[in-house]
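Q: I am new to this structure and should like to learn how its features are read. May we take them one at a time?

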Amino acid sequence: QLPDINREKRHDNFEEPLRRILKKANKQLKETRSYYWGDNRSIGILLLAQVGLSMLSPEITAQLVRRILNMEFHSIDGVIICTPYVSLIDPTTIRRNAECVSVTKETDLAAKNICIDIANKWVDFYENGGHEFKNG
């Protein structure tokens, strides 16, 4: 469930920092598209690594991202929210599994497929040890 809404109709302590991240990403994607591709079709995807909010599931973050993107920041075609944990422990391994959630416009199948592919690769990467430092 999303945090309570304040007097400005915003979700306290979470929506504004998230909006600032989306605003910066939107600007960067817009400038990058203009510089490299001009008027040609390209897809702008943002990868959010949600590592400091273990009590907030990526599905909740995705709800808020979707709501914000429906109103503004049109240079962002997809957002992938990745965490190195989930709230449930896998009973077969007795450890937490990585999790990724993607947010795209339902009508943009290209962006949706790219986001799903990247999210799946993140989970595979994490479950295979990620960037574990090995001595020797």
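Q: How many salt bridges does the structure hold?
A: This is a predicted model, and it holds 9 salt bridges. One of them joins Arg19 and Glu72, whose closest N and O atoms are 2.9 Å apart.

Q: Which parts does the pair of Arg19 and Glu72 tie together?
A: Arg19 belongs to helix 1, while Glu72 sits in the loop between helix 2 (58–71) and strand 2; the pair therefore ties together parts that are 53 residues apart in sequence.

Q: How should the sheet be read, and what is the order of its strands?
A: Strands of a sheet pair through backbone hydrogen bonds, in either a parallel or an antiparallel manner. Here the sheet is open and has 3 strands in the order 1-2-5, with mixed pairing. Strand 1 and strand 5 (99–104) stand at the edges with a single partner strand each, so one side of each has no neighbour in the sheet. On average, and with direction ignored, neighbouring strands of this sheet are turned by 15° against each other.

Q: In which sense do strand 1 and strand 2 pair?
A: Strand 1 pairs with strand 2 (residues 78–83) in the parallel sense, over 5 bridges. As an example, Leu46 has Val79 in strand 2 as its bridge partner.

Q: Which strands do the helices touch or lie across?
A: Helix 1 packs on the sheet and touches strand 1 and strand 2. The direction of helix 1 makes about 145° with that of strand 1. Helix 3 (residues 109–127) lies across strand 1, strand 2 and strand 5, and runs at about 170° to strand 5.

Q: How is empty space found, and what is the volume of the largest pocket?
A: A probe the size of a water molecule, rolled over the atoms, shows where empty space is left. In this model the largest pocket has a volume of about 180 Å³.

Q: Which elements and residues line the largest pocket?
A: Helix 1 (15–36) and strand 1 (45–49) each supply at least two residues of the lining. The largest share, 3 residues, comes from helix 1. Among the lining residues are Phe14, Leu18, Ile21, Leu48, Thr61 and Ile81.

Q: Of which classes are the lining residues of the largest pocket?
A: The lining has 9 nonpolar and 3 polar residues, and no charged residues.

Conventions. Residues are numbered from 1 along each chain as its sequence is written. This is a predicted model: local features need pLDDT of at least 70, side-chain atom pairs count only at pLDDT 80 or more; totals for chains, interfaces and linings use all residues. Side-chain values use heavy atoms; hydrogens and water are left out. On a 1 Å grid over the protein atoms alone, a cavity is a set of points where a 1.4 Å probe fits but cannot get out, and a pocket is an open set with protein on both sides within 12 Å along at least five of seven lines; lining residues have an atom within 4 Å of a point. Grid points are joined across faces, edges and corners, and a volume is the space filled by probe spheres set on the points. Helices (H or I, at least four residues) and strands (E, at least two) are DSSP runs, numbered from the N terminus. Ala, Val, Leu, Ile, Met, Phe, Trp, Tyr, Cys and Pro count as nonpolar, Asp, Glu, Lys and Arg as charged, and the others, Gly among them, as polar. Two strands pair if DSSP finds at least two bridges between them. Axes are lines fitted to C-alpha atoms, for helices over the stretch in contact, and angles run from 0 to 180 degrees between N-to-C directions. Contact means heavy atoms within 4.5 Å. A salt bridge is a side-chain nitrogen of Lys or Arg within 4 Å of a carboxyl oxygen of Asp or Glu.
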